[in-house]
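Me: Could you walk me through this model in plain words, step by step? I'm new to this, so please spell out the terms as we go.

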Protein chains: 2
Amino acid sequence: VKRYLALAEGYSADDHYGKTTYGVIRYGADPVVAVLDSTRPGETVEGVPVVGSVAEALPLEPTTALVGVAVAGGRLPPVWREILRDVIEAGLDVEAGMHEFLADDPELSELAARHGVELRDYRRPPADLSVPSGANLEQDAVVVLTVGSDCAVGKKTVVVELDRAARARGLRSVFVPTGQTGIMIAGWGIAVDAVVSDFLAGAGERLVVEGAKRGNLLFVEGQGSIVHPQFSGVTLGLYHGTMPHLLVLCHRAGDVEIEGSPGHAIPPLPELIELYERLALPARPARVAAIALNTGRLDETEAREAVDAVARETGLPTDDPVRFGPDPLLDAVLGRLPSGITRP
Amino acid sequence: VKRYLALAEGYSADDHYGKTTYGVIRYGADPVVAVLDSTRPGETVEGVPVVGSVAEALPLEPTTALVGVAVAGGRLPPVWREILRDVIEAGLDVEAGMHEFLADDPELSELAARHGVELRDYRRPPADLSVPSGANLEQDAVVVLTVGSDCAVGKKTVVVELDRAARARGLRSVFVPTGQTGIMIAGWGIAVDAVVSDFLAGAGERLVVEGAKRGNLLFVEGQGSIVHPQFSGVTLGLYHGTMPHLLVLCHRAGDVEIEGSPGHAIPPLPELIELYERLALPARPARVAAIALNTGRLDETEAREAVDAVARETGLPTDDPVRFGPDPLLDAVLGRLPSGITRP
């Protein structure tokens, strides 16, 4: 069994840039025994101790280091090279989801070979991808995709929660991961943002076909946002490649602008819902079934008020599945299956 | 100076799959002296003789072979390997825009080295791409992007024609190529469909920044279609990355379904126009300035009628710039610059 040391230098208190660390701690199959962040030794992340150096982590017997931060563009900051040398020299395997593949780095791969450890790049796409064939429309499965008003608002967490709740009810539900953290959680998937653009929809189709072998209710992790000035292409390619029956719109309560992109307003939610629905292809009309509202920055009373306000504004079932539990949102999704679709 | 042998085996009569051959013959800076297609020896393509073998082309003194077909997915069909061996052994450089890079093929690169010829892969993206920085909104240039109802309806040809007409009027106009044929025509550019998805909009931004160094009226080659089940992600990423002021919608008269994708209807043009305009980000609202109608499958009378019908249906200036000349369409574009934008 793997025991992870999550590398989160500088970001162990940040569940945005450190979202891989947080995701694997919360939802991964294998335990995280320590988080490395020399800026916060002695603190904890979701109950896991933060250590200041690799040496300090070793008594906790980690087997595998994971690169637990996601930086825009996904490239390896130079300071990280020293950390990676340290963990390799300590005999740990390394798992990462950066655009720069560790195994292609001459220095690190030579060092890994010398110390007998593996470098696993979860963002490396399958070599045989192509354009979609139309198989995405022929699977015997209900496809639910999360879409967002922005990046990092909870699109992965929401499908992980909905999938867990559905499996707890005995449904043949599957979490379909489309990014590096999701892949680390589930042990399979494709990081669609690392795929050659021409094969983006083909990657979405592949994920749905693969998911349908594992179950008949697919909760697909969405990416980016259709109104994100950097990542909208990934959002739309994944949407059209997975051909969802239903969408769950994820939004962080109170957000009015794309984070990190001043001047890029998020449209009012009813407009955003209409835009996502308009973008469905005629061969598979998709409807927004519910709103998953991320209320993590609000207190309990504010959170309830925000949920009610969005429900009124959109006329759709709205809830925060992390804060209040996923069952109401799952009920909303299952209650809105299009006619002609067999309930899973 | 280069003298091209265009390799169009099986597709020399097809300006869709053979569009690279046709594009370079019509608009390229260097001459195409022969087209290779063993199924049609003795015929011509746009006045250029078709030869049945490489040996037959040699008296015409080609210096460079170009892979002149575009197959979906861009991979090299096995039958092509023999043709490529023949041209390399005949001492020709080879230029290609496939997803599989010729220079990465061990057999072909070894053969090329042995015969002292170069293999140039125009689809290989720059190594230093990243996400957009916002520089796309800060250039002192008017950006015009072609968008389409489908692939292969004329998005590249229309910007090439508009750019030519604008330069003939003394404007500092630039054709901005985003695909392999355009790059072969202009000698620069990025094949955006070969870029890692995360950097798609970043590639669009890079093209606009680079274009603005060359002039102040940028005609950007669009890709795919927002309603194309295979390529919509590329379309939207390029759109948001280039941040156009104006769009020119390209459509083939009479098309009602995405070619090669049965069941995927093209929406009525007024709906498609509205969808493209709705997808503009609030930081740079874009309007469809005109319709470029491809009437290549109609006779002259039918073409005039089709242009009139689309103009009535959409309320927008409509013309076929290839058939009737680009000036009316250029007038329409220049007449619809948003307020606040200096006429180039």
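**Getting to know the model**

Me: How much of chain A is buried?
Reply: Let's fix the word before the number: buried means under 20% relative accessible area, exposed means over 50%, and partly exposed is in between (1.4 Å probe, protein chains only). Chain A has 344 residues, and the buried share of them is 60%.

Me: What kind of model is this, and how are its parts numbered?
Reply: It's a predicted model, where local features need pLDDT of at least 70, side-chain atom pairs count only at pLDDT 80 or more, and totals for chains, interfaces and linings use all residues; side-chain values use heavy atoms, leaving out hydrogens and water. Residues are numbered from 1 along each chain as its sequence is written, while chains are lettered from A and ligands numbered from 1 in the order in which they are written.

Me: How many helices and strands are there in chain A?
Reply: Both are DSSP runs numbered from the N terminus: helices are H or I with at least four residues, strands are E with at least two. Going by that, chain A has 12 helices and 13 strands.

Me: Why can we say chain A is as compact as a globular protein of that length?
Reply: The radius of gyration is taken over C-alpha atoms, and the globule rule is 2.2 Å times the number of residues to the power 0.38. For 344 residues the rule gives 20 Å, and chain A is close to that, so it is as compact as a globular protein of that length, with a radius of gyration of 20 Å.

Me: What share of the contacts in chain A with a separation of 6 or more is between residues 24 or more positions apart?
Reply: A contact means heavy atoms within 4.5 Å. Take the chain A contacts with a separation of 6 or more: residues 24 or more positions apart account for 71%.

Me: How does chain B sit relative to chain A?
Reply: In general, two copies of a chain are related by a rotation about an axis and a shift along it. Copies are superposed by least squares on the C-alpha atoms of residues with pLDDT of at least 70 in both. Here a rotation of 180 degrees with 0.0 Å of shift along its axis puts chain B on chain A, with an RMSD of 0.0 Å. That is the relation of a two-fold axis.

Me: Why do we say the copies meet through the same surface?
Reply: Look at the interface residues of chain B and ask which of them are also interface residues in chain A. The copies meet through the same surface because that share is 100%.

Me: Is S197(B) buried or exposed, and which residues is it in contact with?
Reply: S197(B) is in the loop between α6 (180-186) and α7 (200-214) of chain B. Its relative accessibility is 2%, so it counts as buried. Leaving aside neighbours within four places in sequence, S197(B) is in contact with V192(A), D193(A), V195(A), V196(A), S197(A), L200(A) and V234(A).

Me: Which residues does Q180(A) touch?
Reply: Q180(A) is in helix α6 (residues 180-186) of chain A, and at 12% relative accessibility it counts as buried. Not counting residues up to four places away in sequence, Q180(A) touches T20(A), A70(A), G97(A), R123(A) and A191(A).

Me: Which residues of α1(A) are buried?
Reply: Helix α1 spans residues 19-27 of chain A and is mostly covered, with seven of its nine residues buried. Those in α1(A) are T20(A), T21(A), Y22(A), G23(A), V24(A), I25(A) and Y27(A).

Me: What is phi of M243(A)?
Reply: Most residues other than glycine have a negative phi. M243(A) lies in the loop between α8 (232-242) and β11 (246-252) of chain A and is buried, with a relative accessible area of 3%. Its phi is positive, in a residue other than glycine: near 50 degrees.

Me: And what is phi of E61(B)?
Reply: E61(B) lies in the loop between α2 (54-57) and β5 (64-67) of chain B. This residue is exposed, with a relative accessible area of 56%. Its phi is also a positive value, near 55 degrees.

Me: How far apart are the C-alpha atoms of R304(A) and G263(A)?
Reply: R304(A) is in helix α10 (residues 300-314) of chain A and is partly exposed, with a relative accessible area of 45%. R304(A) and G263(A) are 41 residues apart along the chain, and their C-alpha atoms are separated by 29 Å.
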